[in-house]
Amino acid sequence: MIHAVCVCGARPNFMKIAPLMEAFAGTRRIRTTLVHTGQHYDERMSALFFRQLGIPEPDVNLEVGSGSHAVQTAEIMRRFEPTLESQRPDWVIVVGDVNSTIACALVAVKLQIRVAHVEAGLRSFDRTMPEEINRLLTDAISDLLLVSEESGVVNLRREGIEEGKIAFVGNVMIDTLLKHRSRADESRILGELGLAPRRYAVVTLHRPSNVDRAEALADILTAFETITREIDVVFPMHPRTRKNVAAFGLESRITSLPRLKIVEPLGYLDYVRLMTDASIVLTDSGGVQEETTILGVPCLTLRPSTERPATITHGTNRLVPIGRDGYPTAAEIIAAYQAAPIRPFGRAERPKADRQPPLWDGRAAERIAARLLEGA
Ligand code: UD1
């Protein structure tokens, strides 16, 4: 029996930790302790995902909450250390690229506890993104690098990581998508929002580069003025974005557009349903680029780069070309929207399996469990 402390903290972690907890339990040879750092804490950013994805209640909640990067990272480290000292597991499993990921990896490695990083090797090559720093540092100190797409293996080799530490296992976020896709089809969210299938766009935005600067956020809203002339736009708004819309005095810009529907952050099942039937998705999220690839839904990413190039080479993702302002201007978003393939083209025309990234097959978590047990 090996003991793994599994860490999650922010919304995109929950879809990754869910299949791991299930696969580990399934082996009967991996005992888990689930630690929630509390980086995300709202019902709609956290608890709802635990319920919908069947994630067990965390054994420990560090309840760190929000703060600047330094404060949040330091507070997670300070609170995680005693937990780890008392548990002394064989492995700490961290996922993704959020502050909880690097904070817990760093604590573990200093206590000489082995760290496995799930979703290792992704690189945007843009060090202005906090996640890029988290990715680089976590990979540099982890003992096992579990890679979701082939570019990750190339990046890790280039950084001189020992070959024996790298394992290409596939994408755990897609394990969750494939498992829950049929349940998501039962969601009534379209009716509740008054939307017709393949007659609306979905938007998600929360990256500091897009939403922490008034001029960037205002430009995005200007683009929505044009897009909503053609199509309904649903925007489940992240708390960071909502806070900034208010701080920059942009609320009236939003309420003046009748076809722009701003809603609270949605649960997983409603959100997957919304993506499945969308004409197009506009996003700056990492996971959404991957999910739209598997769902076969056109995706426009409002960022100058992606750390997930398989979503472009094998999937439906396109980057919005970004000019010298460093954020996507209204003209750039509108041009990209007008050039994008926009459904309706019906579910039957989802991309064929051979156009999908290798090992995004619903079995990544099983491979990770097997790898942890090798030599145990
Ligand atoms: C974090 C991750 C980002 C990930 C995103 C998904 C880092 C560096 N960033 O960004 O990679 O894509 O999560 O959502 O780890 N807030 C709430 N309720 C919550 C959580 C946050 O209201 O449950 C508000 C707080 O005002 C907080 C702000 O949102 O200050 C930002 O939260 P934070 O965890 O710092 O970063 P995210 O932008 O969510």
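A cavity, in the sense used on this tour, is a set of grid points where a 1.4 Å probe fits but cannot get out. The model is predicted, and the mean pLDDT of its chain is 95, with 97% of the residues reaching 70 or more. If you colour the chain by pLDDT, the two elements to compare are helix H12 (residues 251-255), which has the lowest mean among the elements at 92, and strand S4 (residues 91-95), which has the highest at 99.

**Stop 1: the cavity**

Begin by selecting Val118, Glu119, Leu146, Val147, Ser148, Val169, Gly170, Asn171 and Val172, the residues that line the largest cavity. The space inside this cavity comes to about 40 Å³, and the structure holds one cavity of 30 Å³ or more. Strand S5 (114-120) and strand S6 (144-147) are the elements that give two or more residues to the lining of the largest cavity. Classed by residue type, that lining has five nonpolar, three polar and one charged residues.

Keep Glu119 selected, since this lining residue also has a backbone feature to inspect: its phi is positive, at about 85°, although Glu119 is not a glycine. Glu119 is found in strand S5, and it counts as buried because its relative accessible area of 6% is under 20%.

**Stop 2: from S5 towards H5**

Move next to the loop between S5 and H5, where Phe125 lies. Phe125 is another residue with a positive phi, here about 60°, although it is not a glycine. Is Phe125 buried or exposed? With a relative accessible area of 58%, Phe125 is exposed.

Then select Thr138, which is found in helix H5 and is buried, with a relative accessible area of 0%. Which residues surround Thr138, once its neighbours within four places in sequence are left aside? They are Val94, Thr101, Ile102, Ala105 and His117, each of them in contact with Thr138.

**Stop 3: the two domains**

Zoom out and colour the chain by its division into domain 1 (2-170 + 359-374) and domain 2 (187-338). The C-alpha centres of these two domains lie 27 Å apart, and across the boundary 22 residues of domain 1 are in contact with 20 residues of domain 2.

**Stop 4: the largest pocket**

Now display the largest pocket, which has a volume of about 1200 Å³ and draws at least three of its lining residues from each of domain 1 and domain 2. To find its centre, select Pro12, His40, Met45, His206 and His238, which lie nearest to that point among the 49 residues of the lining. Several helices each supply at least two residues of this lining, including helix H1 (11-27), helix H2 (43-53), helix H3 (69-87), helix H5 (130-141) and helix H11 (239-247). H1 gives the most, with five residues. By class, the lining of the largest pocket is made up of 19 nonpolar, 18 polar and 12 charged residues.

As a short detour, select Gly67 in the loop between strand S3 (60-61) and H3. Gly67 is partly exposed, with a relative accessible area of 43%. A distance drawn from the C-alpha atom of Gly67 to that of Gln39, 28 residues apart along the chain, should read 9.0 Å.

**Stop 5: the second largest pocket**

Return to H1, which also gives five residues to the lining of the second largest pocket, the largest share of that lining. This pocket has a volume of about 270 Å³; it is lined by 17 residues, of which Ala18, Pro19, Glu22, Ala23 and Lys179 lie nearest its centre. The elements that give two or more residues here are H1, helix H7 (172-185) and helix H17 (364-373). The lining of the second largest pocket divides into eight nonpolar, four polar and five charged residues.

**Stop 6: helix H17**

Finish on H17, one of the elements lining the second largest pocket, and select Ala364, Ala365, Ile368, Ala369, Leu372 and Leu373, which are buried. While viewing the spacing of this set, recall that an α-helix has 3.6 residues a turn, so residues three or four places apart point the same way. Just after H17, Gly375 takes a positive phi of about 75°, and this residue is the last selection of the tour.

Terms used:
Residues numbered from 1 in each chain as written. Predicted model: local features only at pLDDT ≥ 70, side-chain atom pairs only at ≥ 80, totals over all residues. Heavy atoms only, no water. pLDDT = per-residue confidence, 0-100. Helix = DSSP H or I, 4+ residues; strand = E, 2+ residues; numbered from the N terminus. 1 Å grid on protein atoms, 1.4 Å probe; cavity = no way out; pocket = protein on both sides within 12 Å on 5 of 7 lines; lining within 4 Å. Points joined across faces, edges and corners; volume = space filled by probe spheres on them. Nonpolar A, V, L, I, M, F, W, Y, C, P; charged D, E, K, R; others polar. Domains from an automatic or database assignment. Buried < 20%, exposed > 50% of the residue type's maximum accessible area, 1.4 Å probe, protein only. Contact = heavy atoms within 4.5 Å.
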